[in-house]
Amino acid sequence: MRVTSAVWFRQCLLLVILLHVGARKHVKRKPLKITWERFKSAVTANKFPPPSKEQYRGFVHSLNYAGIKNEREAAMYLAQLLHESGGLHYKQELAYKDKSYDPYKSDLDVPGKRYFGRGYIQLTWAENYLNASRGIYKDDRLLQNPDLVANDEKAAFLTAGWYWKTRVAVVPGVKKGRFGEATRAITGVIECNGNYLKSSKKRFKYYKVIFHKFGAKGRPDERGCYN
C-alpha cells in the first residue's frame, strides 16, 4: 500500500506529539522555592517582628519535607504557623508552665517528661511526639526529649511539617486551596463552631496577606471552617 506524503506527514506529527506528551510526564517539578525576601515580607506585613535567617531555613526545609509544592499551599501553611506561634515567637504553650497542671498525661509518658504543646504547630500528647519522631528521625528522640521541639528550630519546623503532611494535607479540600479546611484540621471544631469566629477569621486574614506576598495564583478561598 502506497503512503502519500500527506499521510506520512500526519503520522510523523502524531508521533512527535505523543513523544512530547510522554516526555512531559517524566519531567520532575522543581522544588518550591520561597525567597528570603518574600518570607520576611509575608511575616512583617502581618505586623509581626522580622523572622531570623535560621527560621527561614527551617521553614523552607519543612516545605520540602511536608510535600508542599505550590505557593498557595505554602501560604496556607505559613498562615497557620503564624497564628499558632504568635508570629513565630512562641514554641510552647504558655498555659502549661505550671507543673501541677498536666492535661496530657498518658501511659506512654517517659518519667519526668511532659507532653504539652510545643513547636510551630503545637504538638501534644506522648503518642504524637513518638509518631512525629518516628516519621522524621526514624527513632524515639522526641518522646525521650520533648523539649527538643521547643528548643531546636529545625525540630520545631519539621514537626510542623510532619503534622501538616499527616493530619492537614490529607484533608481533600486543603490541596484544593480551601483554607478553612486546614483550620478545621488543626483546631477541630473549637474555632469552627461559631464560638471562636474571631480567631479563625484572623487565620484567614494572615493567609490573604501571605497569598499575595508569595505570588500564589487565583484567589484565597475561605471555605471549610465556618462557611
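# Exercises on a predicted all-helix model

In helix α2 (residues 36-44), the residues Trp 36, Phe 39, Ala 42 and Val 43 are buried, where buried means under 20% relative accessible area, exposed over 50%, and partly exposed in between (1.4 Å probe, protein chains only). The model is predicted, so that local features need pLDDT of at least 70 and side-chain atom pairs count only at pLDDT 80 or more, while totals for chains, interfaces and linings use all residues. Residues are numbered from 1 along each chain as its sequence is written, and side-chain values use heavy atoms, with hydrogens and water left out.

**Exercise 1. Explain why the buried residues of α2 lie on the same side of the helix, and name elements that cover them.**

Solution. Begin with the general rule: an α-helix has 3.6 residues a turn, so residues three or four places apart point the same way. Return next to Trp 36, Phe 39, Ala 42 and Val 43, which are buried in α2. They cover an arc of only 135° around the axis, which puts them on the same side of α2; the arc is that of the directions from the helix axis to the C-beta atoms. Finally, what covers these buried residues includes α3 (53-66), α4 (71-85) and α11 (197-213). Helices (H or I, at least four residues) and strands (E, at least two) are DSSP runs, numbered from the N terminus, and the protein has 11 helices and 0 strands.

**Exercise 2. Describe the disulfide of the structure and state which parts of the chain it ties together.**

Solution. The structure holds 1 disulfide, a term for a pair of cysteine sulfur atoms within 2.5 Å. Its partners are Cys 192 and Cys 225, whose sulfur atoms are 2.1 Å apart. Cys 192 lies in the loop between α10 (179-187) and α11, and Cys 225 in the segment after α11, so the pair ties together parts that are 33 residues apart in sequence. The torsion about the S-S bond of Cys 192 and Cys 225 is about -105°, so the disulfide is left-handed. Both Cys 192 and Cys 225 are buried.

**Exercise 3. Decide whether Phe 204 is buried or exposed, and list what it touches.**

Solution. Locate Phe 204 in helix α11, and then read its relative accessible area of 7%, which means that Phe 204 is buried. Leaving out residues up to four places away in sequence, Phe 204 touches Phe 179, Pro 220, Asp 221, Glu 222 and Tyr 226, a contact being heavy atoms within 4.5 Å.

**Exercise 4. Compare Trp 125 and Lys 138 in phi, place and exposure.**

Solution. Start from the general expectation that most residues other than glycine have a negative phi. Trp 125, however, has a positive phi near 70°, and its place is in the loop between α4 and α5 (126-137). Lys 138 also has a positive phi, of about 65°, although it is not a glycine, and this residue is found in the loop between α5 and α6 (141-144). As to exposure, Trp 125 is partly exposed, with a relative accessible area of 35%, whereas Lys 138 is exposed, with a relative accessible area of 68%.
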